[in-house]
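Visitor: I have a structure to look through and some terms I do not trust yet. Please show it, and I will ask how each term is earned.

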Amino acid sequence: GRMHFVATLAQPTTETGRSRRLFSSLLRNNLKKGRRPSSACAHFMDRRAQFIASAAASSEPAGSSKVIFYTNRLCPYAHRVWLALETTSTPYEMIEVDLANKPDWFYKISSSGMVPCIQTSSRVLSDSVPICLSLATTSPLPLAPTPTHNQSRDSPLDALSRDLSRHLNLHMDDQLFRAVARRSPSSLSSLLSGLNGFASDWVDSGRLASAPKGPAGLSLLDVVAYPFIRRAIMHVTSMTPSGRSRDAVPFSVEEWGRSLEDVPAIRATEVTQADMESLHRHLQKYY
């Protein structure tokens, strides 16, 4: 199975003979050196990402809509961008970055070394909200019917971002991440308090539901909020008796999440319990 996976990855990212020879040779040399298939795969993906980044910077035609998306499945900020890319039908190449062992080449693309990051023929963008805002109005399938969201302090997008940070203490105490890492009753209680605040300010008031939705069924506000709220709900579910979140998570928040489950972009980028376990192990190093 692993050998098949490695061989599958060896398919070229473009149809040029150069890429075919580069990737085939690299994979063959890895295996000849006696590396395990998983190690060969990791080495291959590292070189593959370097090739893609180089191609984007040097040989991509002007005006191309190709986007290279640097991400990690554990990151809710990156999940926002993934949702936006899927929702807007933007062609993209996704490259996973190991958050625990970031390769040197990635810092040449993103000086902060942070995901998410997208690269086009003309620029590099980082920070999830500006990326989503750009995709919302410039992509083949706009995220919202009209560009009603702007970067003023009074925009719904900025208000939602601030309230998510306030209720879940993002960028400060990282209440959500601390709860996932520690799995303690006190951290669960703090997280539930944040979810109740989010429900009161955005769901019960109708502010989230009233945001204009694009043709694919999501609003820009849905894209910004869902990755964090989904992870919070999954964590609460895993911490409550019988695995039920309905006894703890505000009903309106749970219903909002359920209303989005059948949206194609949500299904294509869904967070699994295995992802949450990986996130738990990763965060234990820091909290």
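Visitor: Which element has the lowest mean pLDDT, and which the highest?

Guide: This is a predicted model. Helix α1 (residues 2-9) has the lowest mean pLDDT, 37, and β1 has the highest, 96. The protein as a whole averages 76, and 70% of the residues score at least 70.

Visitor: Where is the pLDDT below 50?

Guide: One such stretch is residues 48-64, which has 32 contacts in the model beyond near neighbours in sequence. Another is residues 146-152, where the pLDDT stays under 50 and the model has 13 contacts beyond four places in sequence. Where pLDDT is low, the predicted coordinates should not be read in detail.

Visitor: What makes up the secondary structure of the protein?

Guide: There are 13 helices and 4 strands. The strands form an open sheet in the order β2-β1-β3-β4, with mixed pairing.

Visitor: Why are β2 and β4 said to stand at the edges?

Guide: Each of them has a single partner strand, so one side of β2 and one side of β4 (124-126) have no neighbour in the sheet. On average, neighbouring strands of this sheet are turned by 20° against each other, direction ignored.

Visitor: How do you know that β1 pairs with β2 and with β3?

Guide: Two strands pair if there are at least two bridges between them. β1 and β2 run parallel and are joined by 5 bridges; F69 has M94 as its bridge partner in β2. Between β1 (residues 67-71) and β3 (residues 117-119) there are 3 bridges, in the antiparallel sense, and Y70 has C117 as its bridge partner in β3. Both counts reach the cut-off, so both count as pairs.

Visitor: Why is β1 called largely enclosed?

Guide: 5 of the 5 residues of β1 are buried, so the rest of the structure largely encloses this strand. In a regular strand the side chains alternate between the two faces of the sheet. In β1, V67, F69 and T71 lie on one side, I68 and Y70 on the other, and all are buried. Helix α4 lies across β1, β2 and β3, running at about 150° to β1.

Visitor: What makes α6 largely enclosed?

Guide: 8 of its 11 residues are buried, so α6 too is largely enclosed by the rest of the structure. Among the buried ones are V129, I131, L133 and L135. Their cover includes α4, β3, β4, α7 (156-168) and α10. Helix α6 (residues 128-138) itself lies across β3 and β4, at about 125° to β4.

Visitor: Why is T90 called buried?

Guide: Its relative accessible area is 8%, and buried means under 20%, so T90 qualifies. T90 sits in the loop between α4 (76-87) and β2 (92-96). Leaving aside neighbours within four places in sequence, T90 is in contact with V67, L85, L135, S139 and P140.

Visitor: What makes the link between T90 and T88 a polar contact?

Guide: Their side chains are joined at 2.7 Å, and the cut-off asks for N or O atoms within 3.5 Å. The value is within the limit, so the distance part of the test is met.

Visitor: How do you know whether D163 and G113 are buried or exposed?

Guide: By the same 20% cut-off. D163, in helix α7, has a relative accessible area of 11%, so D163 is buried. Not counting residues up to four places away in sequence, D163 touches D201, W202 and R207. G113 is in the loop between α5 (104-109) and β3, and at 0% relative accessibility G113 counts as buried. With near neighbours in sequence left out as before, G113 touches K102, F106 and Y107.

Visitor: Which residues touch the most other members of the largest nonpolar core?

Guide: Y70, L160, L164, F198 and I229 do, in a core of 74 residues. Helix α10 (residues 220-239) gives the largest share, 12 residues. Beyond four places in sequence, I229 is in contact with L164, L168, L195, F198, V253 and W256. In soluble globular proteins, nonpolar side chains tend to be buried together.

Visitor: How many of the contacts join residues at least 24 apart?

Guide: 70% do, among contacts between residues at least 6 apart in sequence.

Methods. Residues are numbered from 1 along each chain as its sequence is written. This is a predicted model: local features need pLDDT of at least 70, side-chain atom pairs count only at pLDDT 80 or more; totals for chains, interfaces and linings use all residues. Side-chain values use heavy atoms; hydrogens and water are left out. Helices (H or I, at least four residues) and strands (E, at least two) are DSSP runs, numbered from the N terminus. Buried means under 20% relative accessible area, exposed over 50%, partly exposed in between (1.4 Å probe, protein chains only). A polar contact is a pair of N or O atoms within 3.5 Å; within protein, one must be able to donate a hydrogen and the other to accept it, and residues adjacent in sequence count only if both atoms are side-chain atoms. Contact means heavy atoms within 4.5 Å. Axes are lines fitted to C-alpha atoms, for helices over the stretch in contact, and angles run from 0 to 180 degrees between N-to-C directions. pLDDT is the predictor's confidence in each residue, from 0 to 100. A nonpolar core is a set of buried Ala, Val, Leu, Ile, Met, Phe, Trp, Tyr and Cys residues joined through side-chain atoms within 4.5 Å.
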